[in-house]
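Me: I'd like a close look at one part of this model, the aromatic rings and whatever surrounds them. Could you walk me through it in plain words?

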Amino acid sequence: MNLVTEHLTIRELRMEDLEQFDRLGNSDFVLQYLCMFKMDREGSRNYLQQMIANQKDFAIASKEDDRLIGKIHIDEDRLRYDVNSIDLAYWLGEEYTRKGYMTEALSAFIDYLFEERKYDAITAQSLAPNTASRALLSKLGFVQEGYLRRAIKDNGVIYDNVLFSLLKEDKSK
């Protein structure tokens, strides 16, 4: 898969992304709402290899120089039963935020999920304090479906989780 937009390429991850993945994925900014932990270089290498093998993660790369700037992850939608749906997650390096890149990347990727992969629904979740992510999902047409209080504990902090969905028919409106 290789989606090309005005400024970006959404493609499969590869081992050449390790340096950027290690730097961005271990930043305090990215980890702030991911409920993940910092990894050493070997941990990043192993995790990247695992993601490449599982084929559920995609690079958001600069079209100009193919440099990794963020990541999109898809996985089984555990909130729905026997529905053709997928769960979507994402992150972007701090220096690439507030430039419209994630809107551009997710717009293209959502179209891909509906048109090429033929999903009927996409689920996404955001920790309540992550107002930028919640605003982005709303901007992309996602509907807030629920608010799960005291849902996730990370580093001693308990977060509420906000649940969103986008249906194929919502996208065509």
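Reply: Let's begin with two rings: Phe21 is buried, and so is Trp91 (buried means under 20% relative accessible area, exposed over 50%, partly exposed in between, with a 1.4 Å probe and protein chains only). Keep in mind that this is a predicted model, where local features need pLDDT of at least 70 and side-chain atom pairs count only at pLDDT 80 or more, while totals for chains, interfaces and linings use all residues. Residues are numbered from 1 along each chain as its sequence is written, and side-chain values use heavy atoms, with hydrogens and water left out.

Phe21 and Trp91 belong to a cluster that ring pairs build together with Tyr47. Rings of Phe, Tyr and Trp (its six-membered ring) pair if their centres lie within 6.5 Å; planes under 30 degrees apart are stacked, over 60 edge-to-face, and the rest tilted. By that rule there are four aromatic pairs. One of them joins Phe21 and Tyr47, with 6.0 Å from centre to centre and 45 degrees between the planes, a tilted pair. Phe21 sits in helix 1 (residues 18-25) and Tyr47 in helix 3 (residues 41-54), so this pair ties together parts 26 residues apart in sequence. (Helices, H or I with at least four residues, and strands, E with at least two, are DSSP runs numbered from the N terminus.)

How hidden are these rings? Phe21 has a relative accessible area of 3%, whereas Tyr47, at 24%, counts as partly exposed. Phe21 also pairs with Trp91, again tilted, at 6.3 Å between centres and 40 degrees between planes. Here the linked parts are distant in the chain: Phe21 is in helix 1 and Trp91 in strand 5, 70 residues apart.

Strand 5 leads us on to helix 5. Strand 5 (85-92) is one of the elements that the buried residues of helix 5 pack against, and the others are helix 4 (101-115), strand 6 (121-127) and strand 8 (157-167). Those buried residues in helix 5 (residues 131-139) are Ser133, Leu136 and Leu137. They lie on the same side of helix 5 because they cover an arc of only 95 degrees around the axis (taken from the directions from the helix axis to the C-beta atoms). On the face turned away from that side you find the exposed residues Thr131 and Lys139. After helix 5 comes Gly141, with a positive phi near 100 degrees.

Now for another ring, Phe142. Setting aside neighbours within four places in sequence, its contacts (heavy atoms within 4.5 Å) include Leu88, Ile110, Leu137 and Phe164. Phe142 is also among the residues that touch the most other members of the largest nonpolar core, along with Ile72, Leu88, Leu106, Phe109 and Ile110; the core has 43 residues. (Such a core is a set of buried Ala, Val, Leu, Ile, Met, Phe, Trp, Tyr and Cys residues joined through side-chain atoms within 4.5 Å.) Helix 4 gives the most to this core, nine residues. The buried residues of helix 4 include Leu106, Phe109, Ile110, Tyr112 and Phe114. Its length agrees with expectation too: 15 residues at 1.5 Å each should span 21 Å, and the end C-alpha atoms of helix 4 are 21 Å apart (the expected span is 1.5 Å times one less than the number of residues).
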